[in-house]
Every structure is written in structure tokens, then in C-alpha cells.
Amino acid sequence: MTDAIIAINAGSTSLKFGAYGMSAAGSPPLLCRGQIDSMQDAPHFSARNPIGKSLDQHDWGTGHAIDHKEALRFVITWLESNVSAMKVVAAGHRILLGGSRFEVPARIDADMLDYLESLAEVEPSHQTFNVLGARALAETFPGLPQIACFDSSFHKTMPEVAKTYALPKDVRDAGVRHWGYHGISYDYIARQLPHIVPQARRVIVAHLGGGSSMCAMLDGRSVETTMGFAALSGLPMATRSGDVPPGALLYLLRRKLFDGKSLEEMLYHRAGLLGLSGISGDMRVLQESADSRAVAAVEHFVHAMTKYTGAYTAVLGGLDAFVFTAGIGEHSAPVRAALCDKLAWLGVTLDEQANAANGPRISTPDSRVSVWVVPTDEELMIAQHTQALVMHDDNASKITSQSSGAFHLK
Ligand SMILES: Nc1ncnc2c1ncn2[C@@H]1O[C@H](COP(=O)(O)OP(=O)(O)O)[C@@H](O)[C@H]1O
Ligand SMILES: CC(=O)OP(=O)(O)O
Ligand SMILES: [Mg+2]
């Protein structure tokens, strides 16, 4: 039996998981991984072995939606009935916000879950289903050590000036500040940068998926990022608005066109690429459509990235490299080409063939700024943190031995 860690990454359009072996010698080796994607409109499950060979697939059908609870239940059942010679000894979860109490990965207990759940008032979408995942596993497998890894952690290095909004002190003291998200993904990319572009000090990373954001990194540390207080501002996303001036929101409330609840529903679920196009929030659908509204939505997305690239180049005092990652960033040659075209002024020259092949380097050798496609691996980061904490936590190892046998996979 291999002692295994399960890493759970609940995103807005997907639930991703990885199973890793515990390793005293270093990074935990991958046993298998998979995901349920397009959860809102055409859920599709796929699982792969460590070399990418398909292990299983399942479709729910177009027009069907599943929530995170159902997706997690499916994944656990699949692991139980399909993976042999594996005993799960720990689980790690991606949680969006650690708040002021949790800046680094930490062992989950009931008090922590209550605190993290209270932060759904800040980040009402992911935070709820992230906590739900940890609660569901705690109920099903009592005693299983669980670790929380936070998307907000990576941005703790932002300078005070970037963390602060120009609001009165009492409002800032009530907890209104710039957090930033997608940090587990940015952490993974930051750790790859020395191997890919060792000389690059000033780097912009664009994590473009169901949720999209950009991060300005200086020497591998976050100094600015587009998602602010909640995972709602910055770039337009699949169904989330991105930047909207506060005056416009006040106007909508003043005219009673929305109340707090319906405003939240609109900004999170009916805006962004879906709201702009009226067609879909899925970049694949928009790219294939000749409808002018789809074309305009993609243009808007690229425009927002162009603006932030200019701003972040100024914040960094120049730019050495640009990295694309996540669903759109890793797979959409047209989006990457459109942005690189706008960045010609920075000295970016696209290598069209390399772009069509999804990288890794998609700029020409003489491009002043090198541009890269780097697949992210949030699950590996979660597994590494989980292993480190479980192995070095005396309490955790006691609980591991008490609970051995609690969750054997066939
Ligand atoms: N080949 C592709 N071309 C364009 N967009 C793609 C492609 N494949 C995936 N995507 C986009 O990536 C998104 C999913 O990104 P991902 O990072 O996996 O999601 P999540 O934000 O849920 O974690 C999908 O909504 C889709 O729009
Ligand atoms: C923070 C966020 O939006 O995450 P995701 O892209 O996984 O939905
Ligand atoms: Mg994601």
C-alpha cells in the first residue's frame, strides 16, 4: 500500500484533483490526476496517469450543471473504486482566502473552518465551496489530517502601498484591503522561473482561466495583482465582471435596479465574457463564434490585459518576461497572439509557430521581452505543502497512525 495525499483544487468552472505518494526524499510523486471541467454547462470528468494516459472519462451531457458537492462526491467515489494499492493518509485543499489569521498553509481544524467560512463575506464564491470540500472530507473520513493552502498567501509580499485602498481608516480597519488570489498557481510559476528565465527579474504572469488575473513579480515575489478584495475585480472573467467603477454600483443601488443580493449574483454570474457576449463565458465557444458580440468580448478581454501590462510594467520599472498560464493562457493561441500584438511597443515579437504549438517560448529569439507558456500545477503545490506539514507535525503523525485504515482505496 502506498501512503497517498489527495490534493483538491476547487475552481469556478472545475474541480481538479491529484493523488500523490508520500515521499520522505522530496517532492511527492504523482500517482494519478484528473478533473471535472465545464461544471456549469457540460460537465466532463477525465483522469490520467502520471504520463498523461487517460484512465477514465465521464460526461453528464450538454445543458447539465453539477455543483462542487456533487463533483467532490464523484471524485472520491471514483478514487475509491478505481485506484488500487493506495491508502489516503492526508488531504490538501486550495482555499482562496486565509484572511488576517492564516498567511501560510496550516493544519485544518473545526475552529479554522468556522473562521474560513466567515470569510465568505469577503469572497462569497470560492470560499464557500472550498470550505465545503474540507468539511465533506472531514465528515467522510474522520481523523484524516487535512491542510489548507491559501491563494491569498503569495500576495503577502505586496508592498503596503499596493495592499491599501484609499479609504478612511475605520473602513480599512473593518478589513477592506487588497488581498489578491490565484496565489497557489503564481507560487508554482515563480518556482519555475529560475529554471526557465534565470536572468528575468521583472515578470508579469497572466493566469487566465474561469477566473482570470495578472500578477507583477519582482524576483519571484508578488508586488501587484489584479484581483483585489474579492476575486471579482481586475480582468473580466468567464462570468465575473472584473473592474467596474464603484460609482456605477452605487447608481444601480440608488435606482433600486438591484439590491445587495441581486447585485452580487449579476457581478459574479452574469457579467464578464458571458455578460459582454450574451453567448458564453467559455473562451473556446467565443473563439469559434463569428458573432460580432463574441469578437467584441474577446477584444475587451485583451484590452484589459493590455492596460494592466502597461501599468505593471511601470510598477516593475520595466519588463523582462511575460508568462501565460491556466486554461486560456495555456491553450488559446489567438488570445496570446492578440495580446502580444498589442505589446509590440514593449519589444514583444511573437513566434507564430511556437504560439500555435502552445510554447514553451512563444517569442522570437530577438524579442526584447521573452514570452512563455508555462502550464500551472496547483495540485502539486498543495501536495507539497500538505506533505511538508503532515511529515513535520507530530500531532499530525499521531493522528495519521490512529486513522490508518480509515480510507483505504482499492
Ligand atoms: N483550447 C482552449 N482555448 C481557449 N480557451 C480554453 C481552451 N481550453 C480551455 N479554455 C478555457 O479555460 C477555462 C478553464 O480554465 P481553468 O484554469 O481550467 O479553470 P478554473 O478557473 O475553473 O480553474 C475554460 O472556461 C475555457 O474558457
Ligand atoms: C480565484 C479564481 O477565480 O479561481 P478560479 O480561476 O480557479 O475560479
Ligand atoms: Mg483555477
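How many nonpolar, polar and charged residues make up the shell around ligand 2? Here are some close-ups of this predicted model to look through, starting with that one.

**View 1. The surroundings of ligand 2.** The shell here has 3 nonpolar, 7 polar and 1 charged residues. Look for Gly11, Ser12 and Leu96, then His126, Asp151, Tyr181 and His182, and finally the run Gly209, Gly210 and Gly211 plus Ala231. Ligand 2 lies between two domains, because domain 1 (2-157 + 378-409) and domain 2 (196-373) both give residues to its shell.

**View 2. The surroundings of ligand 1.** There are 17 residues around this ligand, and the ones that come nearest are Gly11, Gly209, Gly210, Gly327 and His331. Two elements give two or more residues to the shell: α10 (283-288) and α12 (326-331). The largest share, 4 residues, comes from α12. Sorted by class, the shell around ligand 1 has 4 nonpolar, 11 polar and 2 charged residues. Domain 1 and domain 2 both give residues to this shell, so ligand 1 lies between them.

**View 3. The largest nonpolar core.** Of its 104 residues, Ala4, Ile6, Ile204, Val205, Met214 and Val323 touch the most other members. Helix α11 (residues 292-316) supplies the largest share, 7 residues. This core lies between domain 1 and domain 2, since both give residues to it. In soluble globular proteins, nonpolar side chains tend to be buried together.

**View 4. Zooming in on Ile204.** Ile204 is among the core residues that touch the most other members. Setting aside its neighbours within four places in sequence, Ile204 is in contact with Met214, Ala216, Thr309, Tyr312, Leu319 and Phe322.

Note on methods:
Residues are numbered from 1 along each chain as its sequence is written. Chains are lettered from A and ligands numbered from 1 in the order in which they are written. This is a predicted model: local features need pLDDT of at least 70, side-chain atom pairs count only at pLDDT 80 or more; totals for chains, interfaces and linings use all residues. A residue is near a molecule or strand if its C-beta atom, placed from the backbone, lies within 6 Å of it. Ala, Val, Leu, Ile, Met, Phe, Trp, Tyr, Cys and Pro count as nonpolar, Asp, Glu, Lys and Arg as charged, and the others, Gly among them, as polar. Domain bounds come from an automatic or database domain assignment. A nonpolar core is a set of buried Ala, Val, Leu, Ile, Met, Phe, Trp, Tyr and Cys residues joined through C-beta atoms within 7 Å. A residue is buried if 20 or more other C-beta atoms lie within 10 Å of its own, exposed if 12 or fewer, and partly exposed in between; C-beta atoms are placed from the backbone. Two residues are in contact if their C-beta atoms, placed from the backbone, lie within 7 Å.
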